[in-house]
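Q: Please choose one small part of this structure and look at it closely. After that, take me step by step through what surrounds it, at a pace that suits someone new to the subject.

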Amino acid sequence: MGVEICVEGLTKSFGHQVIWQDVSLTLPAGEVSVMLGPSGTGKSVFLKTLVGLLKPERGSITIQGRDITRLREHDLYEVRKLFGVLFQDGALFGSMNLYDNIAFPLREHTRKSESQIRRIVLEKMDMVGLIGAEGKLPGEISGGMRKRAGLARALVLDPEIILFDEPDSGLDPVRVAYLNQLIVDLNAQIDATFLIVTHDIASARQVPDNIGLLFRRELVMFGPREELLTSDEPVVRQFLNGRMQGPIGMAEEKDAAQVEQELAQLGDAGHTTTPGSQELPPRLLPGPGITRPARWQAIAEREGALRRREVAGA
Amino acid sequence: MSLSPTGALRHSGNLFAMALDVVRTIPRRPFQAREFIQQAWFVASVTILPTALVSIPFGAVIALQIGSLTRQLGAQSFAGAASVLAVLREASPIVTALLIAGAGGTAICADLGARKIRDEIDAMQVLGIDPIHRLVVPRVLASMVVAVLLNGLVSVVGVAGGYFFNVILQNGTPGAYLASFTTLAQLSDLWAAEVKALVFGAIAGIVASYKGLTAKGGPKGVGDAVNQSVVITFMLLFVTNFVMTAVYFQVVPQRG
């Protein structure tokens, strides 16, 4: 079972520049959460703060009753063993081939024999579809393969929490779809707590249990997927629909008068703005070969009921 | 690197803090023997040839200067004594330091800096591995060991070069040159030079690692870090060299 992460009043700034302030949220144990936000709103900084790579100015991050913002370096290394992190470019060790990269955490932290290590590494490589590429160096493979190898490395220590830093950036739509399916399958298989940082709306609509949105140096909203997807909050609506009209501008936020005008035009053009009328996209479910735990069983049933109602309505 | 005085102080503080971390981490098990051997081999392989090539002309210059100086003073019989002293006490630790910092330190800094900007260091920390223990300690120890060994190499090559130039090119007397070796120099000079080399190796390794691990801002950041690490190491080395020489003259009684 995964571990709950409780973030309270978190504030981070570099020098005088505030990245975000007063972020409070709880990532429920074993669920998939997505953190959305326009580029440059400090999503990656948030992720690095969660694992204690960056120290926040204020606030607390509680994992298993321990506040990791106040832990000593030595204890921090212990807590980090709960985490698996997939970095943007995989962050593989350039001097080692894929096999050694994925075996690295096992060799450092466990006393397993080479044959046991081999079994685990090959199992994880099979999970992410990298069998046959063991001997390749990170510089010789594509970005998508690097990401999958990074994911395999994050998985070998059986983490309770997995953080994904833009798993879909730089990948083609097909690979993104495969990666999303992989994430959902993994969640059903290992039951860890997932946090995905991204600005890909399609993934955010299909994959998570919870969605959060960072904008204007604060957490605009965090809650169950249904709540955000049907929300009428202008920032959330603009971002999830990927349109220009709304509070989010090219460089920064826009002034209020312009936003109102744009939204009015949008309303005139016949787009729906009545509350609760947003369509809920279907949820991605674990693949057929995966045995679904109770949580996913319930989700699948809820999804099935929702679809049937839609069909009946049509 | 900011130019404000507090920025400079902060960097010195962080550098010193990392040096303390390294010292504290050295006894921690398991010792990264494999990494240490790889790094020692690597540092040695990039420094041995340049060191030997630099120390020949360096020894020759000293021999030429001292040869003509002793002739002017009418003390040719002391030519050997003086040139051994110069090579052993000053020239070899300085040549070693320059090459360890210039060839070994830059390679270490560039390697760690490239890993830093590719998020490899962050990934390592997230995997629960302390980069100081896994990467920095073996590199610092490797550069210390190689510095000590290189110092020996420079001494031998420098003295041989001095002999060649003084005896063969300046028509000095071989017997007098060799016989006067121990009139001024003593064994403690060699020990002092080795201690200097050890300290220089440590400084070069720590500064290079610190600069590499704090590199930021993409590939240009790595270049800047390498550049700064060489400059900072050289400044620290010459100051340290002065202090250690002054202390040495106070502590060890001199001959003659």
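A: **One glycine and its setting**

Gly246(A) has its place in the loop between helix 9 (234-241) and helix 10 (256-268) of chain A. What follows describes a predicted model. Is this glycine buried, exposed or in between? There are 19 other C-beta atoms within 10 Å of Gly246(A); a residue counts as buried with 20 or more and as exposed with 12 or fewer, and Gly246(A) is therefore partly exposed.

Which residues does Gly246(A) touch, once its neighbours within four places in sequence are left aside? Its contacts are Pro234(A), Val235(A), Arg237(A), Gln238(A), Val259(A), Glu262(A) and Leu263(A). For a contrast in position, one can turn to His74(A), which is separated from Gly246(A) by 172 residues in sequence and by 46 Å in space, taken from C-alpha to C-alpha.

From the loop we can move on to the sheets of the chain that holds it. One of them is an open sheet of 6 strands in chain A, with the order 6-7-8-3-9-10 and mixed pairing. At its edges are strand 6 (83-86) and strand 10 (218-224) of chain A, each of which pairs on one side only. From one strand to the next, the twist averages 15°. Within this sheet, strand 3 (residues 32-36) and strand 9 (residues 210-215) of chain A run parallel and are joined by 4 bridges, and Val34(A) has Ile211(A) in strand 9 of chain A as its bridge partner. Helix 5 (residues 143-155) of chain A packs on the sheet, where it touches strand 6 and strand 7 (161-165) of chain A, and the direction of the helix makes about 175° with that of strand 6 of chain A.

Another open sheet of chain A is formed by 4 strands in the order 2-1-4-5, and its pairing is antiparallel. Here the edge strands are strand 2 (17-27) and strand 5 (66-67) of chain A. Strand 4 (residues 58-63) and strand 5 of chain A pair over 2 bridges, with Ile63(A) standing opposite Arg66(A). These two strands form a hairpin with 2 residues between them, and Gln64(A), which lies in the turn, has a positive phi of about 50°. Helix 1 (residues 43-50) of chain A packs on this sheet, touching strand 1 (5-14), strand 2 and strand 4 of chain A, and its direction makes about 120° with that of strand 1 of chain A. Strand 1 and strand 4 of chain A pair in the antiparallel sense over 5 bridges, and one pair of bridge partners is Cys6(A) with Thr62(A) in strand 4.

The nonpolar residues give another view of the structure. The largest nonpolar core has 77 residues, of which Val85(A), Ile102(A), Ala152(A), Leu163(A) and Leu213(A) touch the most other members. Helix 5 of chain A supplies the largest share of this core, with 6 residues. Apart from neighbours within four places in sequence, the contacts of Ile102(A) include Val121(A), Met125(A), Ala149(A) and Ala152(A), and also the residues Lys124(A) and Arg153(A). A second, separate core has 64 residues, among them Ile100(B), Ala202(B), Val207(B) and Tyr210(B).

That second core leads us to chain B, and to the place where the two chains meet. The contact between them takes 15 residues from chain A and 11 residues from chain B. On the side of chain A that touches chain B, helix 2 (73-80), strand 6 and helix 3 (98-109) of chain A each supply at least two residues, and helix 3 gives the most, with 3 residues. The residues on this side divide into 9 nonpolar, 2 polar and 4 charged.

Chain B itself has 9 helices and 0 strands, and its C-alpha trace spans about 65 × 40 × 35 Å along its principal axes. Of its 256 residues, 44% are buried. An unreviewed UniProt entry annotates residues 40-64, 140-165, 190-210 and 230-251 of chain B as "transmembrane region". In the model, residues 40-64 of chain B are 100% helix, with their end C-alpha atoms 34 Å apart, and residues 140-165 of chain B are likewise 100% helix, with end C-alpha atoms 36 Å apart.

Conventions:
Residues numbered from 1 in each chain as written. Chains lettered and ligands numbered in written order. Predicted model: local features only at pLDDT ≥ 70, side-chain atom pairs only at ≥ 80, totals over all residues. Pairing = 2+ DSSP bridges. Axes fitted to C-alpha atoms, helices over the stretch in contact; angles between N-to-C directions. Contact = placed C-beta atoms within 7 Å. Nonpolar A, V, L, I, M, F, W, Y, C, P; charged D, E, K, R; others polar. UniProt positions renumbered as here; feature names shortened; annotations may be inferred. Core = buried A, V, L, I, M, F, W, Y, C linked by C-beta atoms within 7 Å.
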